Amino acid sequence: MEMEDADRIWKLIAEAVLTAPITTLRGAGAGASYGVLINMTVNDRFAPVLTAWHYEHEGAAPGLVTAYHKPYTRRNGDYG
């Protein structure tokens with residue numbers, strides 16, 4: 001993976017998260033963390049990606065904590 005690939009993936013995450021619903025919430029207000037499941041397509045390959053965001057303080061922009069592929073499991077029955 002090259003730096004331009006990382007920049008492209010960051011841009012895809014930043015665009016997708018704007019319209020994706022929050023799937024997990026931990027805490028409230030300052031210090032809250034949110035999980036957001038997004039769908040990404042890169043080079044004709046699709047993947048559901050779970051992202052985690054943190055608000056350090058009230059009024060702060062959310063910071064991306066992590067992002068990882070969310071595999072299908074029988075327990076959840078789908079990618080949601």
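1. Start with Ile-13, which sits in helix H1. This is a predicted model. Is Ile-13 buried or exposed? Ile-13 counts as buried because its relative accessibility is 6%, and the cut-off for buried is under 20%. Look at what Ile-13 touches, leaving out residues up to four places away in sequence: Ile-38, Met-40, Thr-51, Trp-53 and Ala-67. Then try a long jump along the chain. Ile-13 and Val-49 are 36 residues apart in sequence. Their C-alpha atoms are separated by 8.9 Å.

2. Now the whole chain. What does its secondary structure consist of? There is one helix, and there are four strands. Read from the N terminus, the order is α-β-β-β-β. The chain has 80 residues, and 24% of them count as buried. Its accessible surface is about 6000 Å². Carbon and sulfur atoms account for 54% of that surface. Take the contacts between residues at least 6 apart in sequence: 24% of these join residues at least 24 apart.

3. Next, the pairing of E2 with E3. These two strands run antiparallel, and ten bridges join them. One pair to find is Leu-37 with Leu-50, its bridge partner in E3. E2 and E3 form a hairpin, with two residues between the strands.

4. The turn of that hairpin deserves a look at its backbone angles. Most residues other than glycine have a negative phi. Asn-43 is not a glycine, yet its phi is positive, at about 50 degrees. Asn-43 is in the loop between E2 and E3. Asp-44 also has a positive phi, near 65 degrees, and is a residue other than glycine. Asp-44 too lies in the loop between E2 and E3.

5. Are these loop residues buried or exposed? Asn-43 has a relative accessible area of 57%, so Asn-43 is exposed. Asp-44 has a relative accessibility of 80%, so Asp-44 counts as exposed. The cut-off here is over 50%.

6. Move on to E3 and E4. How many bridges join E3 to E4? There are six, and the two strands run antiparallel. For a landmark, find Thr-51, which stands opposite Ala-67 in E4. Both names have come up before: Thr-51 and Ala-67 are among the residues that Ile-13 touches.

7. Stay in E4 for Leu-64, which has its place in that strand. Leu-64 is partly exposed, because its relative accessible area is 34%. That value lies between the cut-offs of 20% and 50%. Which residues does Leu-64 contact, leaving aside neighbours within four places in sequence? They are Trp-10, Thr-51, Ala-52 and Trp-53. Leu-64 and His-54 are ten residues apart in sequence. In space they are 6.6 Å apart, C-alpha to C-alpha.

8. Turn to the empty space. Rolling a probe the size of a water molecule over the atoms shows where such space is left. The largest pocket has a volume of about 210 Å³. Of the 13 residues that line the largest pocket, Ile-9, Met-40, Val-42, Arg-45 and Ala-47 are the closest to its centre. Which elements give two or more residues to this lining? They are helix H1 (3–16), strand E2 (33–42), strand E3 (45–54) and strand E4 (63–69). The lining of the largest pocket has eight nonpolar, two polar and three charged residues. Met-40 is worth marking, as one of the residues that Ile-13 touches.

9. The second largest pocket has a volume of about 160 Å³. It is lined by 13 residues. Nearest its centre lie Thr-24, Arg-26, Tyr-34, Gly-35 and Ala-52. Strand E1 (22–26), E2, E3 and E4 each supply at least two residues of the lining of the second largest pocket. Which element gives the most to this lining? E3 does, with four residues. By type, the lining of the second largest pocket divides into seven nonpolar, five polar and one charged. Ala-52 links back to point 7, where Ala-52 is one of the contacts of Leu-64.

Key:
Residues numbered from 1 in each chain as written. Predicted model: local features only at pLDDT ≥ 70, side-chain atom pairs only at ≥ 80, totals over all residues. Heavy atoms only, no water. Buried < 20%, exposed > 50% of the residue type's maximum accessible area, 1.4 Å probe, protein only. Contact = heavy atoms within 4.5 Å. Areas by Shrake-Rupley, 256 points an atom, 1.4 Å probe, with all protein chains shown as cover. 1 Å grid on protein atoms, 1.4 Å probe; cavity = no way out; pocket = protein on both sides within 12 Å on 5 of 7 lines; lining within 4 Å. Points joined across faces, edges and corners; volume = space filled by probe spheres on them. Nonpolar A, V, L, I, M, F, W, Y, C, P; charged D, E, K, R; others polar. Pairing = 2+ DSSP bridges.
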